[in-house]
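Grab a pencil and work through these exercises one at a time. Try each task yourself before you read its solution.

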Amino acid sequence: MKILVLGATGYAGFHIARALRQEGHTVLGLTRDATSPRAAELLVEEVRPVEGLLSDPETYRGALEEADAVVCAALDMNDPLGSDRTLFQALREAQDRTGRSRHLVFTTGITFLASTGQVWDEETPADPDNPLHLRAQAEQELAAGGLPHTVLRPSFIYGGSGRSSKSAQWFADAREGHPVFYGDITKRYTWVHVDDLAAAYVAVLRRPEAVDGQIIMLGDEHRPTLLSVQQACLDAAGYTGDITFESADAGGLLESCADRDELVTSAKARELLDWRPRHPGILEDTLTYYAAWDRAHTQS
């Protein structure tokens, strides 16, 4: 297929675009600047950069109409729900103009779900009071709009360049010499390696009709405390000092929203996609993840 990846120069989006190309698809990658170093990296991976803005589909209308499927791995921080709605409308208009639909693989997350005291699955309700509830709204509007689609909900991502991951934040904190842990020291998260995540998008687009309308959670089966992961990352980076402990509120909105256990089961992904995480877990190979982040950070 010909697949348009929105957010292709981002952390997850880059790995997704590369994996889809390695599967044999023609891949177009949306980027704000087609002359940037990150866009050049797409070219090396045989992904064709398309210059445009997520919030303005007219800037990539040609690529959208070329595509057989679309992956959205981007989030417009200025107007998340507004940009999502604009994308959905652009897909409907492209369908009307060309007479064919494009399967949308839409990425959200897990932090907008309600605290239940249980491991989360696809039936766990969203929390309407959560500031990130707009991701649930986007899912609902997509489902109601009639577009062929699959929603993927990654847990916390690690591996590769790290970029916007929590592990990258801790590697950088170790270098700067002032690591901070925010909130409850007993909380545990589910994680997913970025290449395992990308494999799920490949699996969806092998048989998109089989998972049309589905929501699928993605994470490995390891559920370490967040503090143990932070300590392992600091150790890998050679940090030997102390960690400062502060309230979740001191860390900002995202830390406050995620100040609890965020654990998921990927049973549905295993059943519908035959998806299995292949990496050993964030605690098992932290030195390797640090070396990858360090190399990427040095090059950037």
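**Exercise 1.** Are helix 4 and helix 5 roughly parallel or roughly antiparallel to each other?

*Solution.* Keep in mind that you're working with a predicted model.

Step 1: two packed helices are described by the angle between their axes and the distance between those axes.

Step 2: find the pair. Helix 4 covers residues 80-98, and its axis lies 9 Å from that of helix 5, at an angle of about 15°.

Step 3: compare with the cut-off. Angles under 35 degrees count as roughly parallel, so helix 4 and helix 5 are roughly parallel to each other.

Step 4: add the handedness. Helix 4 and helix 5 make a right-handed crossing.

**Exercise 2.** Which residues bring helix 4 and helix 5 together?

*Solution.* Step 1: on the helix 4 side, look for P80, L81, D84, R85 and F88. Their partners in helix 5 are L134, R135, Q137, A138, E141 and L142.

Step 2: sort them by class. This contact splits into 6 nonpolar, 1 polar and 4 charged residues.

**Exercise 3.** Describe how helix 1 packs against helix 7, starting from the angle.

*Solution.* Step 1: locate helix 1 at residues 11-22 and helix 7 at residues 194-206. Their axes come within 8 Å and cross at roughly 50°.

Step 2: name the arrangement. Helix 1 and helix 7 are therefore oblique to each other.

Step 3: check the handedness, which is right-handed for helix 1 passing helix 7.

Step 4: pick out the contacts. Helix 1 brings Y11, A12, H15, I16, R18, A19 and L20, while helix 7 brings V194, D195, L197, A198, Y201, V202 and L205. By class, that's 11 nonpolar, 1 polar and 2 charged residues.

**Exercise 4.** Now do the same for helix 6 and helix 8.

*Solution.* Step 1: the axes of helix 6 and helix 8 come within 8 Å, crossing at roughly 50°.

Step 2: that angle makes helix 6 oblique to helix 8, and the crossing is right-handed.

Step 3: K166, S167, W170, F171 and A174 of helix 6 touch L226, V229, Q230, C233 and L234 of helix 8. The classes here are 7 nonpolar, 2 polar and 1 charged.

**Exercise 5.** How many cavities of 30 Å³ or more are there, and what lines the largest cavity?

*Solution.* Step 1: rolling a probe the size of a water molecule over the atoms shows where empty space is left.

Step 2: the count comes to 1 cavity of 30 Å³ or more. The largest cavity has a volume of about 40 Å³.

Step 3: read off the lining, which is K166, Q169, W170, V180, F181, Y182, L226, Q230 and E255. Helix 6 (166-176), strand 8 (180-182) and helix 8 (226-236) each give at least two of the lining residues.

Step 4: by class, the lining of the largest cavity has 5 nonpolar, 2 polar and 2 charged residues.

**Exercise 6.** What is the volume of the largest pocket, and which residues lie nearest its centre?

*Solution.* Step 1: the volume of the largest pocket is about 1700 Å³.

Step 2: 48 residues line the largest pocket, and A73, L75, M77, T108 and S164 lie nearest its centre.

Step 3: look at which elements supply two or more lining residues. Among them are helix 1, strand 2 (26-31), helix 5 (134-144) and helix 9 (253-257).

Step 4: sort the lining of the largest pocket, and you get 24 nonpolar, 18 polar and 6 charged residues.

Methods. Residues are numbered from 1 along each chain as its sequence is written. This is a predicted model: local features need pLDDT of at least 70, side-chain atom pairs count only at pLDDT 80 or more; totals for chains, interfaces and linings use all residues. Side-chain values use heavy atoms; hydrogens and water are left out. Axes are lines fitted to C-alpha atoms, for helices over the stretch in contact, and angles run from 0 to 180 degrees between N-to-C directions. Helices (H or I, at least four residues) and strands (E, at least two) are DSSP runs, numbered from the N terminus. Angles under 35 degrees count as roughly parallel, over 145 as roughly antiparallel, 65 to 115 as roughly perpendicular and the rest as oblique. A crossing is left-handed if the near helix is turned anticlockwise from the far one by less than a right angle, and right-handed if clockwise. Contact means heavy atoms within 4.5 Å. Ala, Val, Leu, Ile, Met, Phe, Trp, Tyr, Cys and Pro count as nonpolar, Asp, Glu, Lys and Arg as charged, and the others, Gly among them, as polar. On a 1 Å grid over the protein atoms alone, a cavity is a set of points where a 1.4 Å probe fits but cannot get out, and a pocket is an open set with protein on both sides within 12 Å along at least five of seven lines; lining residues have an atom within 4 Å of a point. Grid points are joined across faces, edges and corners, and a volume is the space filled by probe spheres set on the points.
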